[in-house]
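Work through the following exercises with the structure open beside you. Try each task before reading its solution.

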Amino acid sequence: MVKAVWMLSLLACLAGCQTWPGRIEAEQWQNYRQNFITPEGRVIDNANGGVSHSEGQGYGMLLAVSADDGETFQRLWHWTQTHLAIREDGLFAWRWDPSVEGGISDRNSATDGDLLIAWALSRAARHFGNDRYRQHASEIIRSLRHTVARETPMGSVLLPGAFGFEVENGVILNPSYFIFPAYAELATLDDAPYWIGLARQNAALLENLQRYYTGFIPDWTLLGDRGWQAPPGLPHRFGYDALRVPLYLCWGGERVATSMAEIEAYWKGSDARAWIALDGTEERASYPPGDAHRAVQRLLQSCLGARSEFQSIISPLPEDYYAATLTLLAQIAWQERFRQ
Amino acid sequence: MRQTVRGEPCNRIVARWLAAVTTLLIAFPLYAQNGESANALVSSGKSSKGLPLHQLRAESGPIRLDGTQNSATVTFPISARESLSEVELSLYVTNSIALMRRSQMAVSINGSVIGQIPFKSEHPESHTRIAIPSTLLSTGYNQLTFSVAQHYTESCEDPAAPELWSEIDTMRSVIRYNALPRTITPSLAQLPLLMDKRLSGDYSLTIATVNLPDNALIEAGAFVAQAAALSREYAALTIDHATLTKPEGVASERRALDDLPDDIFGGGDGVLLGTRDELQPWLDNTIYAKASEPLLALRPYGREGNRFVLIVTGMDSGEVRLAAKTLMLAYEGLPPTDLSNVGEMVAGVATRSTLHSGKRQSFAELGFESVTRQGIYPEPMRLRFWVPADRFAKPNSELNLHLHMAYGAGAAGASTLNIFLNNRFEHAIALMEPVGAVYYDYRIPIPISSLAPGWNDLTFRPNMLPQRSGGECQAVFTNNLLLTLFDDSYLQTDEMGQLVQLPDLNLLARTGFPFTGGREQGGLTVMLTENSSGNVAAAWSLLGKLAQVNHYPITKLSVSGMEGVEGEALLLGQFDDVPVLLKQASALGREGWIELGNRRGRGNVLDNLFAADAAKDKSAGLEVSLGDLMQRGLVVTQFENPLSTESASVVMVVAATAELLRSQVASLVEDAYWRQLGGGTVVYTEGAEQLLKYPAAANYLVGDAGAQARISYTFIHYPLLALAIIGAVILLFSLLTLRWLISYRRRRSATQDF
């Protein structure tokens with residue numbers, strides 16, 4: 001009990017000791033809202049046909065807290081509840097497409113979206129002083145643990161979604177769904193030892209994963225009875241999903257392994273590509289890393305201790321939703337990690 | 001798995017309580033990650049500051065970067081008094097919409113890149129915030145460099161194409177930081193750094209004496225004020241005076257600085273000025289023992305030791321004055337000890353680069369070093385020199401530059417070296433030789449009227465274009481675009497006399513004339529209507545400012561009361577206490593109503609009838625009541641000293657009370673007001689943005705120029721008089737000629753008749 005309480009305090013400190021919440025400038029938020037959030041509270045992924053997803057709603061809600069915009073937060077949450085909360089297990093459908101009748105184009109859940117939404121609700125409860133948000137967050141994470149929590153030979157994991165990620169010989173994982181700063185926050189609402197343990201075990205899992213993939217981290221992978229394997233039916237590459245791993249590691253206050261320096265060094269190289277295959281085919285993107293990568297790279301440099309300066313793009317933000325979102329999240333993460 | 005529902009509420013409450021407590025206990029080590037921030041939390045002296053980039057440049061307007069490759073540097077000063085944290089550059093940039101995606105700006109501090117901004121044609125305006133790590137910053141001047149690579153095409157391009165540009169908004173772009181005062185190192189050698197211009201914001205120094213100071217102490221304080229002002233170069237400085245009361249019953253008991261009254265120095269740095277016996281209660285044993293001779297000592301002060309007290313003392317007022325004067329003359333070379341007797345110091349103030357009349361002076365003598373510039377739009381080369389305020393040159397006189405320069409081969413015929421004097425374009429040298437050239441003694445005449453009294457800036461701006469700059473994939477070489485200006489180039493003026501018309505408060509503001517420069521040989525007398533704290537503080541502030549604009553201290557200085565003074569005089573105090581003779585000589589002489597400025601039918605006849613347009617006050621004069629004038633605020637007026645036989649001046653600075661004088665002079669010496677000084681009389685009113693200026697009712701000439709120069713001067717400034725005299729001479733000769741002709745005709749007629 002005592003040990004759990006002290007660990008809890010440590011986690012709470014990590015979650016709350018730094019500048020909190022990190023700040024988004026009014027100019028940035030206006031830009032983001034104008035480009036990516038509809039008046040109804042739907043976050044638009046303009047690089048994917050204008051669809052919306054639970055992850056985007058979660059990101060939008062997080063950013064609204066940092067922008068101190070309670071009204072937009074409520075609109076985002078309301079749209080999420082009325083359009084994505086159609087599952088019976090308390091989780092959210094992950095994809096909404098305006099061209100599909102009824103909107104829902106995939107009823108499956110996405111754990112990263114659920115985590116992000118719960119995390120944003122918890123932060124909003126603290127920032128705006130609204131206990132109802134905290135209650136909603138608690139309900140979501142309880143559902144998460146009931147639905148997607150699993151034990152593996154490498155410790156506890158959360159499956160990427162409610163169905164389709166348990167295969168005959170193992171589980172399919174998405175390392176970018178290990179949202180470490182969310183774990184710290186959610187530990188204050190739920191079973192603290194579980195979330196603390198999850199954080200520790202997922203960090204160790206990542207180190208093991210990166211060693212296996214010679215410095216890179218895959219977007220998707222399969223943890224099977226023979227170790228790490230290619231995920232069936234999913235891209236086996238180091239790409240746009242995995243680039244969030246350093247973001248979350250750094251933001252969550254985790255010790256950023258020196259192995260992450262290999263990723264940073266790769267991104268800096270003249271032959272770096274936006275994604276590369278990890279299946280031995282040497283297939284790779286024809287274009288270099290973009291704004292999304294640069295945003296995370298700037299934060300990673302600080303976490304690795306190489307540089308302590310940081311560049312915030314106030315205006316203009318990148319034109320696509322993903323890069324703009326990561327640009328702002330990296331800024332928030334840097335402030336909460338390094339700035340008083 | 002998760003705990004039972006029963007335990008949850010309790011755990012949650014305990015967790016939150018512990019989180020709150022733990023936050024307090026664990027927060028500090030986390031903050032210590034960021035070095036300076038830890039100190040900032042525990043000290044109450046932390047302040048947040050913002051420095052717009054335009055304050056870091058001599059030029060106004062945005063920073064414009066043209067061409068394919070260019071850079072600009074601003075200097076970010078950091079005072080030795082401050083420890084900076086959370087330094088952040090908020091940068092607003094606009095780029096040409098013709099730039100393609102390869103274009104970008106790199107921002108570096110002291111050579112280390114800290115940020116890169118891609119230029120986008122569809123979003124030409126960007127705003128970026130770049131955190132600058134304090135590990136890359138150092139005390140002194142830090143170079144913040146903006147380097148651009150700009151392109152409009154993937155294929156061959158003209159590196160000087162006009163659409164290749166970007167601009168930094170220097171008004172909105174700001175460096176923000178938190179500043180925490182550092183603990184003072186008690187070293188006299190550090191004293192100039194402790195007050196230098198890099199210390200941003202308002203700075204004031206309080207000189208404390210035991211009881212009101214006598215004339216000798218006021219003189220000593222004037223030297224201290226000037227030393228402090230010169231340390232700050234051009235940055236504003238307010239000098240204040242505070243009175244110490246010696247505690248009773250402590251004849252043999254010595255205390256320490258901590259026993260000074262809490263607010264004696266107004267929360268800032270201070271000076272204790274007085275004899276050893278006067279200052280005894282506050283001198284420690286070491287200082288007391290060594291103060292048997294003139295002494296300077298520096299001690300940290302305040303709870304955190306981030307302020308200082310400078311002690312200027314000796315056995316009597318003469319020794320105190322000597323210690324203060326040595327401080328003023330040696331402030332750039334004080335010893336690296338906490339205290340020193342002045343006999344151990346070597347006095348000498350660096351001279352400024354002064355342009356002498358008719359003398360050939362090399363650029364090296366004026367502080368210039370040979371320099372080579374490279375590229376299409378390289379940084380200009382600058383030469384700065386001082387022109388004495390009382391120089392008078394005849395019309396068509398010239399300042400001649402004789403340049404020794406060289407430029408490289410391959411420059412296009414349109415390349416030039418443009419020469420500016422005080423930001424006005426004066427001359428261009430075409431760099432036409434395709435094989436390059438070396439010029440010796442390349443003479444460039446500049447009208448001497450382009451010189452200004454005080455500091456002058458001579459700027460050489462190369463614009464060098466490569467011969468091949470675009471077309472069908474031609475290689476563009478810019479490495480050969482080289483220009484060197486050698487320091488054995490020289491300049492020389494035609495002979496100039498010493499003659500200037502006064503009053504001219506603008507000349508006082510720019511150069512300190514007539515209290516500075518050559519005329520200082522006779523000395524300056526400071527006259528105070530009474531030795532009150534307010535009057536003394538005002539005098540010190542003003543003298544400090546005059547030393548700053550002169551870039552040199554006023555060394556021959558004495559203080560007197562209202563007894564008559566024949567030479568240059570600076571009079572401060574309350575108008576009611578000014579002697580009648582001086583009142584009448586000033587523009588404020590009349591009882592009741594005062595005339596300010598010229599009014600047709602009164603005042604200077606020459607000005608009314610013959611003055612060139614520029615000398616006439618188009619708004620005419622006006623009359624105001626003395627009472628109204630005094631109530632408004634501070635009055636500064638200059639007039640000819642009625643007691644002088646050699647055209648000396650009195651500058652009178654008066655206010656209704658000593659306290660008003662103190663506060664309003666403190667405002668007047670701020671740059672925003674000081675540079676508005678002009679005319680013969682100026683009125684400062686609290687809260688007003690502009691000073692009220694009035695021309696003089698009577699002008700007078702000062703200088704050693706001969707009769708010819710005086711005649712030339714008169715004709716230049718009164719051209720109608722010249723015309724009238726010439727007309728009168730012509731008329732006279734005509735009449736004489738007519739008379740002679742009539743006489744001749746009569747004689748001739750008489751002869752013929754005979």
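**Exercise 1. Find the loop of chain B in which P514(B) is found, and determine whether the peptide bond leading to P514(B) is cis or trans.**

Solution. Begin with the place: in this predicted model, P514(B) is found in the loop between α8 and β30 (524-528) of chain B. Next, look at the bond from F513(B) to P514(B), whose omega is near 15°, and which is cis. A second case can be treated in the same way, since the peptide bond from L502(B) to P503(B) is also cis, with omega near 0°. P503(B) is found in the loop between β29 (500-502) and α8 (505-511) of chain B. As background for judging such cases, most peptide bonds are trans.

**Exercise 2. Determine the sign of phi for T214(A) and for E233(B), and decide how exposed each residue is.**

Solution. First take T214(A), whose phi is near 45°, a positive value in a residue other than glycine. T214(A) lies in the loop between α8 (192-212) and β8 (221-224) of chain A, and because its relative accessibility is 61%, above the cut-off of 50%, T214(A) counts as exposed. Then take E233(B), where phi is near 60° and again positive in a residue other than glycine. Its place is the loop between α4 (215-231) and β12 (238-244) of chain B, and with a relative accessible area of 37%, E233(B) is partly exposed. For context, most residues other than glycine have a negative phi.

**Exercise 3. Locate the disulfide and explain which parts of chain A it ties together.**

Solution. Start with the count: the structure holds 1 disulfide over all chains. The partners are C250(A) and C303(A), with their sulfur atoms 1.3 Å apart. Now place each cysteine: C250(A) lies in helix α9 of chain A and C303(A) in helix α11 (residues 291-303), so the pair ties together parts that are 53 residues apart in sequence. Finally, check the surroundings, where C250(A) and C303(A) are both buried.

**Exercise 4. Classify the aromatic pair of Y240(A) and Y322(A), and then the pair of F363(B) and F460(B).**

Solution. Over all chains, the structure holds 31 aromatic pairs. For Y240(A) and Y322(A), the centres are 6.4 Å apart and the planes stand at 65°, and the pair is edge-to-face. This pair links distant parts of the chain, with Y240(A) in the loop between β10 (237-238) and α9 (244-251) and Y322(A) in helix α12 (residues 321-338), 82 residues apart. Y240(A) counts as partly exposed because its relative accessibility is 32%, whereas Y322(A), at 14%, counts as buried. For F363(B) and F460(B), the ring centres are 6.0 Å apart and the planes are at 40°, so the pair is tilted. Here F363(B) is in the loop between β17 (361-362) and β18 (371-374), while F460(B) is in strand β25 (residues 454-463), 97 residues apart. F363(B) counts as buried at 0% relative accessibility, and F460(B) likewise counts as buried at 0%.

**Exercise 5. Compare the span of helix α3 of chain A with the expected value, and state how many of its residues are buried.**

Solution. Helix α3 (residues 54-66) of chain A has 13 residues, and the distance from its first C-alpha to its last is 19 Å, close to the 18 Å expected at 1.5 Å a residue. As for cover, 13 of the 13 residues of α3(A) are buried.

Notes
Residues are numbered from 1 along each chain as its sequence is written. Chains are lettered from A and ligands numbered from 1 in the order in which they are written. This is a predicted model: local features need pLDDT of at least 70, side-chain atom pairs count only at pLDDT 80 or more; totals for chains, interfaces and linings use all residues. Side-chain values use heavy atoms; hydrogens and water are left out. Helices (H or I, at least four residues) and strands (E, at least two) are DSSP runs, numbered from the N terminus. The expected span of a helix is 1.5 Å times one less than its number of residues. Buried means under 20% relative accessible area, exposed over 50%, partly exposed in between (1.4 Å probe, protein chains only). Rings of Phe, Tyr and Trp (its six-membered ring) pair if their centres lie within 6.5 Å; planes under 30 degrees apart count as stacked, over 60 as edge-to-face and the rest as tilted. A disulfide is a pair of cysteine sulfur atoms within 2.5 Å.
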